[in-house]
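Reader: I'm new to this one and don't know where to look. Could you pick a single part, take me through it closely, and tell me how far to trust what I see?

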Amino acid sequence: MANASEPGGGGGEAAALGLKLATLSLLLCVSLAGNVLFALLIVRERSLHRAPYYLLLDLCLADGLRALACLPAVMLAARRAAAAAGAPPGALGCKLLAFLAALFCFHAAFLLLGVGVTRYLAIAHHRFYAERLAGWPCAAMLVCAAWALALAAAFPPVLDGGGGDDEDAPCALEQRPDGAPGALGFLLLLAVVVGATHLVYLRLLFFIHDRRKMRPARLVPAVSHDWTFHGPGATGQAAANWTAGFGRGPTPPALVGIRPAGPGRGARRLLVLEEFKTEKRLCKMFYAITLLFLLLWGPYVVASYLRVLVRPGAVPQAYLTASVWLTFAQAGINPVVCFLFNRELRDCFRAQFPCCQSPQATQATLPCDLKGIGL
């Protein structure tokens, strides 16, 4: 690297350093502002106190912590490398930063896998999801499991990895010495988790597509002796009314042993059309986050595979630097995706922060809990 005192080298390097520091500062500010704003919105708005938004809250808080812990270290390393002065970060500091980067990366991967499973259950097995998984205990268990698995998966980079000589390396998932078994296992585990998440969403897509197929109606007469219609030709409305607590007379033969809903058990058990649309929109938002995670981390994983399986110099430095910076951008992109894909969040944001919108929009905005849910 040219010194600032050399002719023709100081101006270009100073401009490059300024652009790099400005970009990193912008990423840091966007990540902290977006994630903190999202966290405040979740905490203040009672209509968002549901399991999917609790998981989003944990994901955004982890992204904010990653940006706060890693980006300043990268900025400091860039300044030291440009000035060619100051002591380089020690081996312990490099390992600690690599551990934090791996921890937050695997936490996001495992949490997105758990979110994909819950989204599948919310649509394919809605009754089980509504009774067992819709509350905050399920979200808390998923969050704890994601952090525990990420902690277990992040230790190999600390034990097997070392410090890098690139100024972008302190928060990258450095895997040195190249070709170490821990490096390959780390990359394979990350690829397996991300691939499993996409397989879950693919299965969900097939489930929704199969339920949209038109089938011919079978006109089979229902059986009724005392106005309790049952049998192959029954539409199920009488049974549903009886189960919901509106039944009168004797128990239908097909419902013997089923306890009807009383006055205090009026919660809906079936996935009605509006709830189905809401769950589908949440699935689209979460899959957009998962897809962006793959797109932003994919180039760095590919570069790491090449460095492990081929040789360290097989990847151009420009590609490696760009792939590392894409991973930095992932720390601040989730709040933007959530606000773009979820109208409920936008409505709640307008209701909680009316100063961020025009007076005309403020007059036309209803409270969030009175408006419909969805895009």
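**A close look at α8, α9 and α10**

Author: Let's start with a caution: in this predicted model, pLDDT stays under 50 over residues 169-181, a stretch for which the model has 40 contacts beyond four places in sequence. Residues 158-165 also stay under 50, with 16 such contacts. Where pLDDT is low, the predicted coordinates shouldn't be read in detail, so I'd leave those contacts alone. For the protein overall, the mean pLDDT is 74, with 64% of residues reaching 70 or more.

Now for the part I'd pick. Find helix α8, residues 273-309. It gives three residues to a nonpolar patch on the surface, the most of any contributor. The patch is formed by Val 302, Leu 306, Leu 309, Val 310 and Tyr 319, and together they have about 440 Å² of accessible area. Val 310 sits in the loop between α8 and α9, and α9 itself covers 317-341.

Follow the chain on to helix α10, residues 343-352. α9 and α10 pack at an angle of about 95°, with their axes 5 Å apart. That angle makes α9 roughly perpendicular to α10. On the α9 side, the contact is made by Cys 338, Phe 339, Leu 340 and Phe 341. Arg 343, Leu 345, Arg 346 and Phe 349 are their partners from α10.

One more thing about α10: the side chain of Glu 344 meets that of Arg 50 in a salt bridge, 3.3 Å from N to O. This pair links distant parts of the chain, 294 residues apart, with Arg 50 in the loop between α1 (10-44) and α2 (51-83) and Glu 344 in α10. The model's count of salt bridges comes to four.

Technical notes
Residues numbered from 1 in each chain as written. Predicted model: local features only at pLDDT ≥ 70, side-chain atom pairs only at ≥ 80, totals over all residues. Heavy atoms only, no water. pLDDT = per-residue confidence, 0-100. Contact = heavy atoms within 4.5 Å. Patch = residues over 30% accessible without salt bridge, like charges linked within 9 Å, V, L, I, M, F, W, Y side chains within 5 Å. Areas by Shrake-Rupley, 256 points an atom, 1.4 Å probe, with all protein chains shown as cover. Helix = DSSP H or I, 4+ residues; strand = E, 2+ residues; numbered from the N terminus. Axes fitted to C-alpha atoms, helices over the stretch in contact; angles between N-to-C directions. Parallel < 35°, antiparallel > 145°, perpendicular 65-115°, else oblique.
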